[in-house]
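Me: I am a first-year student, and I would like a close look at the surroundings of one bound molecule. Please take it slowly and explain each term when it comes up.

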Amino acid sequence: MQPFELVRAKSPTDAAQLASDTDTLMIAGGTNLLDLMKLQVETPSRLADISRLGGGDIADTADGGLRIGALVTNTATAVHPRVRQDYPVLARAILAGATQQLRNKATTGGNLCQRTRCFYFTNIDQPCNKRDPGSGCGAIEGIAKLHAVLGTSDQCIATYPGDMAVAMSALDAMVHTMKGDGSERSVPVREFHLLPGDTPWRENVLEDGEIITAVTLPAPVSGAHYYRKVRERSSYAFALVSVAAVISIENGVFSRADLAFGGLAHKPWFDPEIGEVLLGQAPSDALFDKAADVLLQSARGFGENDFKIPLARRTLHAVLSQAVEDAA
Ligand SMILES: Cc1cc2nc3c(=O)[nH]c(=O)nc-3n(C[C@H](O)[C@H](O)[C@H](O)COP(=O)(O)OP(=O)(O)OC[C@H]3O[C@@H](n4cnc5c(N)ncnc54)[C@H](O)[C@@H]3O)c2cc1C
Ligand code: SF4
C-alpha cells in the first residue's frame with residue numbers, strides 16, 4: 001500500500017470539500033476501498049474519514065417512507081424493524097451479501113459505491129479501461145464468467161457487484177447527495193449507476209466532491225417481496241444473477257410487478273417494460289417467457305458468461321412461479 005495522509009472530515013460539507021481534490025478519497029467502512037488500496041488499484045494521497053460523521057440513523061419520512069443515512073451499516077439496515085416489515089426485499093438482499101463481519105462495517109454509501117469485482121480491474125498487471133483508460137479490456141476475450149450480458153460496451157463488460165442497490169432499484173429508492181458548497185440533489189437509484197459506454201471509469205453520477213448523505217425509500221405498498229441470488233456458493237459470493245421483486249397478484253392477475261436484476265450489467269438492471277408485460281395478465285409459463293424475452297432482448301454473452309442468459313430466464317421464472325404459489 002502506498003503512504004497516504006488520513007484526515008477526519010468534520011461535517012458532510014467538509015467531507016465533500018475534501019473529496020473535490022481528486023487525490024482524496026472518502027473512506028466509510030473501508031471494506032472495499034482498503035482492499036483496492038492494498039492492491040494499488042486505488043492510490044489516493046489522502047483519505048477523508050467520514051465514518052465518524054452523523055448520518056448513521058434510520059428515520060421515518062413525512063410521506064410514510066424511510067430515510068437511511070449514508071453511514072448506517074448494512075447490518076443496522078437489515079435488522080431495522082421497519083425495513084423487515086415494510087421493505088423485506090431490502091433486508092433479504094443485504095443479508096444475501098458478503099458476511100456478517102463485513103455487513104457490520106459496510107455502510108449505505110460505501111455499498112452503493114463499491115467497485116466491480118472484475119479480475120482484470122483488481123490486477124494492476126492486466127489491461128483495464130476502467131482502471132487505466134485506453135489500456136484495453138482484458139475481460140472481453142478473457143476470463144468473463146462474472147461479467148455482464150446487458151448494456152456492455154466495447155470498452156468494458158464489468159458488472160456492478162452489489163446486492164443492496166438491486167433491491168433499492170426494485171423499490172424505486174432515491175439517493176440524496178451534497179456538495180462542498182452545501183447544495184443538495186436527489187437522484188433515483190435507478191439512474192444513479194451508469195452503463196460503461198466510452199467512459200467505463202465513471203460508475204455512477206457522483207461528481208468530484210459530491211457525497212451521498214442518505215437513501216430514501218418510498219411509502220410501502222402492498223406486495224410480496226423476493227430476493228433470489230444465484231451464486232457459486234451459498235454464502236460469501238457475488239451474484240451470477242439476482243432478482244429483486246415486489247409482486248402483487250389480485251383476482252388472478254398481476255397488479256404489481258417491480259423487478260430489478262443484479263449480476264447482469266454494469267448497474268442494477270431495471271426495465272419498466274418487464275413489469276408492463278406482466279401487469280393485468282394471468283400468470284402462465286408463456287407470460288413468464290415473454291417477460292424474460294423483454295429482459296434479455298439485447299443480451300450478449302462473451303463465451304464464458306453465455307450461461308447467464310438462460311440462467312437469468314430460469315431465475316425470473318422461479319421468482320414469478322414462487323409469487324404465484326404464495327398467492328394461491
Ligand atoms: C470478501 C467480500 C465479499 C463481499 N460480498 C459482497 C456481496 O456478496 N454483496 C455485496 O453487495 N457486497 C459484497 N461485498 C462488498 C461490501 O458490501 C462492500 O465492500 C461494502 O458495502 C462497502 O461499504 P464500505 O462502507 O466499507 O465502503 P468503503 O470501502 O469505505 O468505500 C467504498 C467506496 O465508496 C465511497 N464512499 C463511501 N461512502 C460514501 C459516501 N457517503 N458518498 C460517496 N462515496 C462514498 C468510497 O470513497 C469508496 O470509493 C463484499 C466485500 C468483500 C470484501
Ligand atoms: S471489463 Fe471493465 S473492469 Fe474489467 S478489464 Fe474490462 S474494462 Fe476493466
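Me: Which residues come nearest to ligand 2, and is Cys 128 buried or exposed?

Reply: The answer below starts at the ligand, goes on to one of its neighbours, and then turns to ring contacts elsewhere. This is a predicted model, in which local features need pLDDT of at least 70 and side-chain atom pairs count only at pLDDT 80 or more, while totals for chains, interfaces and linings use all residues. Residues are numbered from 1 along each chain as its sequence is written, chains are lettered from A and ligands numbered from 1 in the order in which they are written, and side-chain values use heavy atoms, with hydrogens and water left out.

Around ligand 2 there are 15 residues (each with a heavy atom within 4 Å of the ligand), and those that come nearest are Cys 118, Cys 128, Cys 137, Cys 156 and Ile 157. Sorted by class, this shell has 10 nonpolar, 4 polar and 1 charged residues, where Ala, Val, Leu, Ile, Met, Phe, Trp, Tyr, Cys and Pro count as nonpolar, Asp, Glu, Lys and Arg as charged, and the others, Gly among them, as polar.

Of these neighbours, Cys 128 lies in the loop between helix H7 (108-112) and helix H8 (164-170); helices (H or I, at least four residues) and strands (E, at least two) are DSSP runs, numbered from the N terminus. Cys 128 counts as buried because its relative accessibility is 7%, and buried here means under 20% relative accessible area, exposed over 50%, and partly exposed in between, with a 1.4 Å probe and protein chains only. The C-alpha atom of Cys 128 is separated by 8.3 Å from that of Ala 139, which is 11 residues apart from Cys 128 along the chain.

As for rings, the structure holds 2 aromatic pairs, meaning rings of Phe, Tyr and Trp (its six-membered ring) whose centres lie within 6.5 Å, with planes under 30 degrees apart called stacked, over 60 edge-to-face and the rest tilted. One of them joins Phe 119 and Tyr 120 edge-to-face, at 5.0 Å centre to centre and with 80° between the planes. Within this pair, Phe 119 is partly exposed, because its relative accessible area is 39%, whereas Tyr 120 is buried at 7%. Phe 254 and Phe 288 also pair edge-to-face, at 6.3 Å and 65°, and they link distant parts of the chain, 34 residues apart, from strand E11 (residues 253-262) to helix H11 (residues 285-295). Both Phe 254 and Phe 288 are buried.
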